[in-house]
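Please open the model in your viewer and keep the sequence panel visible. The tour proceeds by selection, one element after another.

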Amino acid sequence: MLQEIKIRNFALIEKTEIPFEKGLNVLSGETGAGKSIVLEAISLLLGGRAQAGGIRSGAEEAVVEGLFDLSELPVFRERLQTLGVECPGEELVIKRTINRSGKNRIFMNGGLATLNMLSAACEGLIDLCGQHEHQSLFRASVQLDLLDRFAGIENHRAGASSRFALASRLREERETLKKKEEERAQRLAFLQFQIGELREANLVAGEDESLAHEKKLLQSSEQRLQLAGQIESALDAEEGAFSSLKLATNRARALVQIDEAARGIHEAMERALAEIEEGARLVRQYRDGTDLNPGRLQEVQERLSLLANLKRKYGATLDGILANLEKLESENELLLNLGTRLDSIEAEFQKECRELLALARALFEKREKGARSFMKAVSQELRELRMQDAEVGLSLSFGEEIASWGADSLGTSIELLVRTNLGEEKKPIQKIISGGELSRLMLAIRRVIADRGGIGVYLFDEIDAGLGGQTAFTVGKKLKSVARHNQVICITHVPQVACFADHHLSISKHSLQGRTTTRVVVLDEAGRREEIARMLGAEKLTPSAIKNARELMDSASV
């Protein structure tokens, strides 16, 4: 149940806390007082779209919070866990912030959430039944949902829907394989050409880099030989470094014989001479190992050209090409075995279709059985709502062509029919039913399914619009009946409905310091009498008006 909502800087509401109780909660007030604001706030808690225009003038941010008690709704606690929302207790706190900058936020039990998460978590938590929702009754999907809830066969439908989803996936895979079968020969030929081209290339990871380095060396062979020769000449020439250093070393040796203190000089000269000799040897070795090989250069250039061509066709790098080769080989293997896989999928699909068809037929039979009770129960409710000649019908048929099914219809076609006047034929509701009659039909349907469970809160938004007198009184009695086992929130202008409230809230609009604001007040018994007297049309709260209100309230408590 919804325990409380807090609203701050939303539309005309500056700040308010609205408590709700078990049973029938009634919200009343003058037209334009702000009842729709409360409804919009609740809609936000269920995943409605946030608009910056809803922020109160002069404020930068609007906040709406709601506290739900989930102690009697374990399915919602399980759903929260599936969505990754922490739910340590049996409460759900939803907070929506709307900012003019567009930085809106959603919190569920203190954690950040997305709009999709919120919508998924709150689906079915509050059943909105208002002027805008009436039209949904025209949709076959809604009619099926109501019938399945009444018949208590949601679990059977869920099982069949899961089997339908599996059969649909198999059908898609079968169709994909069939399409591939048609293209198989052409695709195989192309694949095998590509695989052959790549295999023939004998690719080695990293070889493009090593070949590029080798190409650079081969292209510079002549220059490198020339440089090596110049180094060798500089070392070995008559006036070269080697001859000069050898002469210097001999002189240093002679100096040591005269003065032992010069031994360090001599040793340094000896080491330098050894290094020069080693350098000369390495230069000769480098020169001898460097060869002008135009044939090898051509081979390297041709290989690099081949690799560049393969990169253009199969991938930007050799690693990418090799990975692509693996994919091509896998697809080639799949196509080679396509016939076997297609046969296997076809057999599995046919098996699933047989089992699905059996489940769907059984579901249809349960729907037919439930429809008979549903029609009888709703028709009786309508008679009690002063539609004495009304009779509801459900036209059901079953189609065995699985390809035309929906995940929820599962072969069942449905049409809700109604007769409002004696002697007429039942016709589709959108063709003959008026707005007031549609309101009563919606209430009658909610009344017969209200004790089936699975819904947290029923919210009726002026479902009694256009009704009055004894019919409105009966509507109030029906709402009270729904509220015996469910929390009901009802927005109404009709005193014959409001008098049945277990918990009555008054919504009013006031001007303070040049600003208009909406207030929500919980009414005590005396406040209820005054509010109902106002709703009865009393211009002043005279003793007579209060007496009329008390009598109406007393009649509702009988």
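**From the sheet to a helix**

Select strand β1 (residues 2-10) and strand β4 (residues 61-69): six bridges join the two, which run antiparallel. Strands (E, at least two residues) and helices (H or I, at least four) are DSSP runs, numbered from the N terminus. This is a predicted model, in which local features need pLDDT of at least 70, side-chain atom pairs count only at pLDDT 80 or more, and totals for chains, interfaces and linings use all residues. Residues are numbered from 1 along each chain as its sequence is written, and side-chain values use heavy atoms, with hydrogens and water left out.

Within this pair, display Lys6, which stands opposite Glu65 in β4.

Next, add helix α1 (residues 35-45), which packs on the sheet and touches β1, β2, β4 and β5 (91-99); contact means heavy atoms within 4.5 Å. The direction of α1 makes about 110° with that of β1. Such angles run from 0 to 180 degrees between N-to-C directions, the axes being lines fitted to C-alpha atoms, for helices over the stretch in contact.

Now widen the selection to the whole open sheet, whose six strands follow the order β2-β1-β4-β5-β6-β7 with antiparallel pairing; two strands pair if DSSP finds at least two bridges between them. β2 (13-19) and β7 (111-112) stand at the edges, each with a single partner strand, so one side of each lacks a neighbour in the sheet.

Finally, select helix α3 (residues 115-122), which lies across β5 and β6 (105-108) and runs at about 40° to β6.
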